[in-house]
Amino acid sequence: MSILIGYLCVSRSYHSVALFEQEDFSWELRTHSTNDATTNLHARVDAARLIMEFVLSGSNPHPYVSSGLFFTDRNGRPALFDWSRFGKISFEARCFPAGTIRVGLATFDDKLSKPGDLMTYRSPLAYVNCNQDGARVELDLAHLAIPEWWVDMNKLNPSDLGYSLDKVAQIEVGTSNASRVGTPSRIEIAGIEMHDRKYGYLYFLAAFLVLSWAAFGFWFIRQYALALTNDLQGRMQKDLPLVAYQQLALEPHREKGKSAILKLLATRYADSELDLETVVSETGVNRNKVNDILKAEMGYTFIGYLNKLRLTEASRLLVENTSASIAEIAYSVGYKNSSYFNKLFKEEYQCTPKAFRDACKKEAREPAL
């Protein structure tokens, strides 16, 4: 779903508008040429297609011809269009014969340009190869080039090559130095489109992704917490037989030595001084025998079983005695060091005592689904 919405938003953010379909767009066709540069120059716009037919003359060392769409308002007066929102321009170029053409703009410079005198307007341009088959061309409006001759003519610093697209007066198509001389030629420019980005779609996509992933993160954390709580409850249920200390000590183990060991551990597990030597001296059972009995009957060594009793009781106290601190509970079940208690508890329950208490509290607050 996120991929589909992302694709739709990104694709719709790329917006284009045909040049001749822009609101309030009016133009006047103008042609330019060097003296004696052309024979029978004809330029026209036919069905939103700029067509220029000409023959370059060889009497000038640098002959050129061009045709431009000079922008006007509805009353025919010169107008400046704001193209600053557009990033690219595209069109289909077709040339007979094949060659290189020049495509440029005329942009008004408040400090330099004189209204109506296009030679004082900044003229960023690009060169395009085209042939009889035609090809779609796309130009980056932010990376056109200001010709050196224009900089020299206006006596500007050679580094002063910038331009602004907020006051565009004309779009122009013309020949280049590579154009053939004395050959009947034809240039066609069709399907001129301006391209910009609709960033609202991208903002919507960003907001959607943030909210959807936040919702997923909340759901994932909740599911993880529920799974952790269920796992902890399962562990507590599994350990319930260890809580019934008296039954463990008196009923399943009838032999005197076994009963003495289990009874001692069941009643004094919270004594921080309790160790194997104490059990040996008070029960009279050999230390190796103590471990053998506990291993056979409970599946633990002496230290393992003692920690199991203490941690099981600690888990109960964490849930039932919420006013007691972690350190207090650790001390009450026989641990002198709360850090050591935390380490053992995490090994047993895969979470810290605090996380265990919080998970059980949350489960108690939330109704079962």
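Both Cys95 and Cys130 are buried in this predicted model, and the two are tied together by a disulfide with an S to S distance of 1.6 Å. That is the one disulfide the structure holds. The bridge reaches between distant parts of the chain, with Cys95 sitting in strand β6 and Cys130 in strand β8, 35 residues apart. The torsion about the S-S bond comes out at about -60°, so this is a left-handed disulfide.

What about Cys351 and Cys360? The sulfur of Cys351 has its closest cysteine sulfur in Cys360, but at 8.1 Å the gap is too far for a bond. Cys360, likewise, is in no disulfide. With a cut-off of under 20% relative accessible area for buried residues, Cys351 makes the grade at 6%, and Cys360 also counts as buried, at 14%.

Strand β6 turns up again in the packing. The largest nonpolar core takes in 36 residues, and Trp83, Phe91, Ile101 and Ile189 are the ones with the most contacts inside it. The elements that put two or more residues into this core are all strands: β4 (49-56), β5 (65-72), β6 (88-96), β7 (99-107), β8 (125-130), β9 (135-140), β10 (168-175) and β11 (185-197). A second core, separate from this one, has 17 residues, with Val279, Ile293, Met298 and Phe302 among them. As a general point, nonpolar side chains in soluble globular proteins tend to be buried together.

Phe91 gives a good view of how the larger core is put together. Setting aside neighbours within four places in sequence, Phe91 touches Val103, Val128, Ala135, Arg136, Val137, Leu139, Ile189, Ala190, Gly191 and Ile192. One of these partners, Ile189, is itself among the residues with the most contacts inside the core.

Over in the helical part, α7 (residues 276-283) is worth a look. Its buried residues are Leu276, Thr278, Val279 and Thr283. Viewed down the helix axis, these fall within an arc of 160°, so they line one face of α7. An α-helix has 3.6 residues a turn, so residues three or four places apart point the same way. And what does the buried side of α7 pack against? The partners are α6 (256-268), α8 (287-298) and α9 (302-320). One of the buried residues of α7, Val279, also belongs to the second core. Right after the helix comes Gly284, with a positive phi near 75°.

A few backbone oddities round things off. The peptide bond joining Phe96 and Pro97 is cis, with omega at about -5°, and Pro97 is found in the loop between β6 and β7.

Two residues other than glycine also show a positive phi. For Ala47, phi is about 55°, and the residue is placed in the loop between β3 (38-45) and β4. Ala47 counts as exposed, given its 73% relative accessibility. For Gln350, phi is near 60°, and its place is in the loop between α11 (338-349) and α12 (353-365). Gln350 counts as partly exposed, at 45% relative accessibility.

Conventions:
Residues are numbered from 1 along each chain as its sequence is written. This is a predicted model: local features need pLDDT of at least 70, side-chain atom pairs count only at pLDDT 80 or more; totals for chains, interfaces and linings use all residues. Side-chain values use heavy atoms; hydrogens and water are left out. A nonpolar core is a set of buried Ala, Val, Leu, Ile, Met, Phe, Trp, Tyr and Cys residues joined through side-chain atoms within 4.5 Å. Buried means under 20% relative accessible area, exposed over 50%, partly exposed in between (1.4 Å probe, protein chains only). Helices (H or I, at least four residues) and strands (E, at least two) are DSSP runs, numbered from the N terminus. Contact means heavy atoms within 4.5 Å. A disulfide is a pair of cysteine sulfur atoms within 2.5 Å. The arc is that of the directions from the helix axis to the C-beta atoms.
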